[in-house]
Amino acid sequence: MPEIKAFHNWYERAGVRSDPRRLVDIEDDIHKAFFPEHLVPQLSHPLVDPDDHQLRRYLSAQHLYQWLRFTMHFEVGVVCRATQRIADGSTGLSLTDATRMDAYKIVVDEGYHSLYSLDVQQQLEFRSGIKGLDYDFGPFIAGLDAVGEDMPQHRQLVQLLQVVVFETLITSILSDIPNDESLIDIVRTTVRDHAIDEGRHHAFFANFFKHLWGQLDPSLRKLVAGYLPSLIVRSLQPATSPAHAALAASGFSEAQAREIVSDCYSRETVLTGIRRSAAKTIQLFEQIGVLDIPGGREAFLAEGLIAG
Ligand SMILES: [Fe+2]
Ligand SMILES: [Fe+2]
């Protein structure tokens with residue numbers, strides 16, 4: 001695997017090495033928005049009053065909090081779980097010393113992203129008085145780890161693929177938030193810090209996947225081509241229970257909360273979002289030849305990720 005230039009100045013540029021701890025502004029910055037409204041699907045529902053500022057603010061805050069908690073768990077539980085093995089040399093792949101060291105840098109970055117996801121939430125809760133509702137990462141990780149569980153002998157390979165998929169996605173959160181001046185500054189700044197580190201990770205994992213693919217025999221390639229589409233969908237499938245809980249906590253009845261969630265997270269809407277965020281990832285797999293494997297294109301079609 002070639003050396004990734006983006007990591008040459010990691011000691012000077014990585015967020016964990018060079019950014020100060022971000023602190024919530026002590027002035028009235030807290031009255032700005034928690035999250036861009038267009039990224040909170042339930043806010044566009046007719047039952048959610050466009051003029052009820054307090055309700056919209058509460059739902060946006062909970063949406064941000066659940067994303068921060070998801071990030072806190074995901075970075076360590078999924079990204080570090082597999083990247084640590086690239087770093088310590090236990091993947092069974094032949095890797096250079098430089099690649100292993102870059103993987104270690106990613107482990108350090110992700111540990112720090114996890115830390116400040118929690119830090120930002122705690123600061124915002126304290127400053128705004130809006131407490132986060134309980135969040136359970138269990139269903140997400142169970143769904144993600146279910147892909148390939150019929151082949152436990154390939155569990156470690158699947159865990160590497162989970163990270164390749166997630167680290168090459170470009171979600172609208174990382175692309176839209178940094179430039180949105182209507183947001184509370186600490187949200188914008190930490191997402192920008194995060195997105196800069198993720199640019200480096202993206203380069204690493206795109207190259208890592210090419211290298212991994214080159215070392216797989218035809219039967220494993222077939223298996224991988226079958227797993228990737230489900231991994232993409234499960235990585236990007238939005239969790240609806242936090243949205244439901246936030247609606248219920250703000251006074252909607254069970255039936256109304258269910259209606260809002262089912263309207264705003266319809267299969268078609270969700271799939272459109274998934275296709276957009278995964279466009280670069282799918283392009284990478286296409287370039288490398290994943291879709292040319294027998295059954296490969298069909299697997300992507302079956303998940304609705306490409307047009308027939
Ligand atoms: Fe990260
Ligand atoms: Fe990352």
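Helices here are runs of at least four residues assigned by DSSP, and they are numbered from the N terminus. With that in mind, the chain of this predicted model can be read from its N terminus as the series α-α-α-α-α-α-α-α-α-α-α-α-α-α, which amounts to 14 helices and zero strands. The radius of gyration of the chain is 20 Å, close to the 19 Å that the globule rule gives for 308 residues, so the chain is as compact as a globular protein of that length. Along its principal axes the C-alpha trace spans about 60 × 45 × 30 Å, and 52% of the 308 residues count as buried. If one takes the contacts between residues at least 6 apart in sequence, 80% of them join residues at least 24 apart.

The metal sites give concrete examples of such links along the chain. The iron ion (ligand 1) has as its protein donors Glu75 (OE), Glu110 (OE), His113 (ND1), His194 (NE2) and Glu198 (OE), which lie 2.0 to 2.3 Å from the ion. Written along the sequence, the spacing of these donor residues is E-x34-E-x2-H-x80-H-x3-E. Within this set, the pair of Glu75 in helix H3 (residues 53–88) and Glu110 in helix H4 links distant parts of the chain, 35 residues apart, and both Glu75 and Glu110 are buried.

The iron ion (ligand 2) is held by protein donors from Glu110 (OE), Glu167 (OE, listed twice), Glu198 (OE, listed twice) and His201 (ND1), at 2.0 to 2.8 Å. The spacing of these donors along the chain is E-x56-E-x30-E-x2-H. Here the pair of Glu110 in helix H4 and Glu167 in helix H6 (residues 155–168) again links distant parts of the chain, 57 residues apart. Glu110 has a relative accessible area of 0% and is therefore buried, while Glu167, at 4% relative accessibility, counts as buried too. The angles among the six donor atoms of this site run from 52 to 153°, and the site is irregular. What connects the two ions is Glu110, which bridges the iron ion (ligand 1) and the iron ion (ligand 2), lying 3.6 Å apart.

Helix H4 also offers a view of how aromatic rings can meet. A pair of aromatic rings is described by the distance of the centres and the angle of the planes. A search of the whole structure finds 17 aromatic pairs, and one of them, formed by Tyr112 and Tyr116, is edge-to-face, with 5.0 Å from centre to centre and 90° between the planes. Both tyrosines lie in helix H4 (residues 97–128), four residues apart, which is about one turn of the helix. Because buried means under 20% relative accessible area, Tyr112 at 18% counts as buried, and so does Tyr116 at 8%. Elsewhere, Phe70, Phe74, Phe137, Phe140 and Phe166 form one aromatic cluster.

A last stop is His45, which is placed in the loop between helix H2 (15–18) and H3. With a relative accessible area of 6%, His45 is buried. A polar atom of its side chain lies 3.0 Å from the backbone nitrogen of Leu47, and a polar contact of 2.8 Å joins the side chains of His45 and Asp263. Leaving aside residues up to four places away in sequence, His45 touches Glu259, Ile260, Asp263 and Cys264.

Key:
Residues are numbered from 1 along each chain as its sequence is written. Chains are lettered from A and ligands numbered from 1 in the order in which they are written. This is a predicted model: local features need pLDDT of at least 70, side-chain atom pairs count only at pLDDT 80 or more; totals for chains, interfaces and linings use all residues. Side-chain values use heavy atoms; hydrogens and water are left out. Rings of Phe, Tyr and Trp (its six-membered ring) pair if their centres lie within 6.5 Å; planes under 30 degrees apart count as stacked, over 60 as edge-to-face and the rest as tilted. Helices (H or I, at least four residues) and strands (E, at least two) are DSSP runs, numbered from the N terminus. Buried means under 20% relative accessible area, exposed over 50%, partly exposed in between (1.4 Å probe, protein chains only). Donors are N, O and S atoms within 2.8 Å of the metal (3.2 Å for Na, K and Ca); water is not among the atoms, so sites may look incomplete. A polar contact is a pair of N or O atoms within 3.5 Å; within protein, one must be able to donate a hydrogen and the other to accept it, and residues adjacent in sequence count only if both atoms are side-chain atoms. Contact means heavy atoms within 4.5 Å. Four donors count as tetrahedral if all angles lie between 85 and 135 degrees; four count as square planar and six as octahedral if opposite donors are over 155 degrees apart and all others between 65 and 115; anything else is irregular. The radius of gyration is taken over C-alpha atoms; the globule rule is 2.2 Å times the number of residues to the power 0.38.
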